[in-house]
Structures are given as C-alpha cells and as structure tokens.
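Student: Please take a close look at one strand and its pairing, and then at a salt bridge made by one of its partners. I should like the criteria stated along the way.

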Amino acid sequence: MSIRSFHPPVRTLMGPGPSDVHPRILEAMARPTIGHLDPRFIDMMDEMKALLHYAFKARNELTLPVSAPGSAGMETCFVNLVEPGDTVIVCQNGVFGGRMKENVERCGGKTVLVEDEWGMPVDPNKVADALKTHPEAKIVAFVQAETSTGACSDVETITRLAHEHGCLVIVDAVTSLGGSPLEVDEWNVDAIYSGSQKCLSCTPGLSPVSFNQHSIDVIKNRKTKVQSWFLDLSLVMNYWGGGTKRAYHHTAPINALYGLHEALVLLQEEGLENAWQRHRDMHIALKAGLEAMGLRFIVPEAARLPQLNAVAIPDGADDVQVRSALLNRYGLEIGAGLGALAGRIWRIGLMGYSASPKNILLCLSALEAVLAESKASIAAGAAINAAQKVLADRGY
Ligand SMILES: *Cc1c(COP(=O)(O)O)cnc(C)c1O
C-alpha cells in the first residue's frame, strides 16, 4: 500500500453548495480538540446559541446546530412535529419539497401536495385553497430558497395563511440563511432548519434549527415517541439546553462546531443585513454579465434568489463538457440541473464567501472562454464590462 495523505486541489466553488469556506473558518477548525463537556466548550456552545439567534433573527429557547447536514435538520423538524395520522400540506416546486413529502410519509403522516412548476415560487393562493379543503391539516411545510431551481418563496405570507388555519409551519432555510431576508420571530415561523455549507460558508455537516414556543408545546404534548432516537429533541435538549448540568447524548462534532462558530462570528462582523445586501449586489453584477453574454434566467425576476442563479444551457453547448472544462482548466465548479431540470440548466451559486467580485469575474470570463469553443452563439467581450459597471456603481 502506498496511499498517502489526501491533498485536495484548490477550487472556486460556485455551485449549489458547498460554497468557498473562509480561511478563518478552516483555521478555527484546526484548533485543539477538547472534551464536549469541558466548561470552555460549553461556554462556546452558549455563544453559538446567541450567534444562531442573531442569524435567524429569533429568540427561541430551542435553537441549536444538529450534528449532521441540512437533510438531518429537515428530518429533525418532521420527526419531532409529525405523528402517525397527521396531515401535512407540503409545497413542492423543486427537489426539496419532494424530500419533505418522503419525510412526512416515513413519520406515518399523510401528505397533501401543493405543486408549482419548477422555477416558480410557491403560490400562496394554492396554499390557501389546500388549507380550506383540508381543515384537518396540522402543518404546512415549504422551502424558502429552492436550490434546485433558484426560486424564492414568500415565507411571511405562507406562514400567515397557515396560522389563520391553525397550522404550524416548517420552513427549509438551508440556502436562504445568511443570504436572503429572513425574520423568524417577526414572521412567527414555528420550525426552521438550515445548513452550514451554503450562505454561511462553513464546511458541510451541521444543520442549525430553531423552534418557537408553539412548536415546543406541540412536541411536549406528543402522544407517540419520536421515531428517531438520534433526532429526538427531548433527548438532544438534555445536552444543548442543560445549562450547567449537560448530559451526554452523542459526542458533539467539536471542531466542526468551532468552524460554525467562526462562520457566525464572520456574519456578525459583516452584519446580517449587509450580508443580504452583498448577495443582492453580487447577483445583479453576475446577472448583468450573464445576460450580456446572451444567457437567460429561468426564474421570473421577482422570485429570483441572489445566491442561486439558474440559467438555461444555450443551444449548441454540451452541459458536461462545459462544466468539466471549467473545473479542469479554471478550477471553477458550477452546478448541474437536478431532476426535471437536469441537462437543461446550470446553477451558479453566489453563496457566502463565494459571493465576491473576484468570483464573478472569474466565472464570467471562464464561462465565456469555454462557450466560445462550443457551437453556442454567445456575445463575446461584453460580460466583464457589464458586471464591472454594476460593481463600480455599487461601490465594490
Ligand atoms: C442543500 C439543501 C438541503 C440539504 O442539505 P444537505 O446539507 O445537503 O443535507 C436541503 N434543502 C435545501 C433547500 C438545500 O439547498
């Protein structure tokens, strides 16, 4: 055997996540491992909760990072809130709504699907209709930032509708947290989950979640045991919420948590609202460049996510060939289409540390160079100027 240490190449990550990790986060993760019940570690956990409150704009008691990726945060919300026989209205306008439906069914719940075309936001009128025809519904679940299409749905309106019918909401904020406006307390969101590797620019593997008092009461009054031992919040809380008497539940991913702590410190230094604005500014600059090249966005302008730019693959360009050339020649990763959109779109991420002028200029010039060799007809030489103009106008 002559296998040696693994040294990954340096890449620029402009796909649907993970995003580029800030060097301060990688440095934080290399600090000494200490015990997960060490008093100094517990101090760090208390800070983590305060930092997550800041990022979510929430003050909920039950706010913590689940020790697993975003999918586990999703599952945490469903297994704790859904009991066998419950009806859940699930909005599906891309890949992740489909996963929510799977979660409901695995909890023994019944799903009422509210479907919208991929690339469109969730239509609140359809949610209102489903609430009227299903008065037995207990929960409405939907994705704020659909990473598979780049569409942003209206959390405030859908939450208000759900509450008017006595339903709780479960919101997927994996790609939105830190990148798009999100007001958990102000909008009275009941249960929400996110991920560490998208607009927080941390390494993958942690999922911040937050539950308001209403959903905590629902969890406390369950008639059945939560089907997952690991994700049962009543047990997890003995560790995360135990104050000075924390009980062992599982070994926390210590160094990964150092990373998330640093990512949230970075967010606080920049200011949450400033981070939202930077994502918007970078999106507008990238959009100016892509459109100058002749590429077309698939999501209607009003519903576009700044952090996930989905553009149609131009006729004459080979999806796989273009993405391979970007990766091999320029070390640049962009995302392929998923599900119904596979082979039809590219997904260009501007998430967290990746949402920078430097990345935009690299992406536009590399894409233009690669497309110029294909049969696609694109306008050459205009993209960089168009993006630079937006950046200059906005003070970057
Ligand atoms: C990435 C993503 C997830 C899943 O997160 P993982 O960390 O990959 O498990 C869930 N929902 C949305 C909207 C996502 O973008």
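Tutor: A residue counts as buried under 20% relative accessible area, as exposed over 50% and as partly exposed in between (1.4 Å probe, protein chains only). The model is predicted, so local features need pLDDT of at least 70 and side-chain atom pairs pLDDT 80 or more, whereas totals for chains, interfaces and linings use all residues. Residues are numbered from 1 along each chain as its sequence is written, and side-chain values use heavy atoms, without hydrogens or water.

Consider strand β8, residues 168–172; strands are DSSP runs (E, at least two residues), as helices are (H or I, at least four), numbered from the N terminus. In β8, 5 of 5 residues are buried. Leu-168, Ile-170 and Asp-172 lie on one side, Val-169 and Val-171 on the other, and both faces are covered.

Two strands pair if DSSP finds at least two bridges between them. Strand β5 (residues 137–143) runs parallel to β8 over 5 bridges, with Val-143 opposite Asp-172. Strand β9 (residues 191–193) is also parallel to β8, joined by 3 bridges, and Ala-191 is the bridge partner of Ile-170.

From β5, Lys-138 forms a salt bridge (Lys or Arg side-chain nitrogen within 4 Å of an Asp or Glu carboxyl oxygen) with Asp-86, the closest N and O atoms being 2.6 Å apart. This pair links distant parts of the chain: Asp-86 sits in the loop between α3 (70–81) and β3 (87–92), 52 residues from Lys-138. Asp-86 counts as buried because its relative accessible area is 15%. The whole structure has 18 salt bridges.
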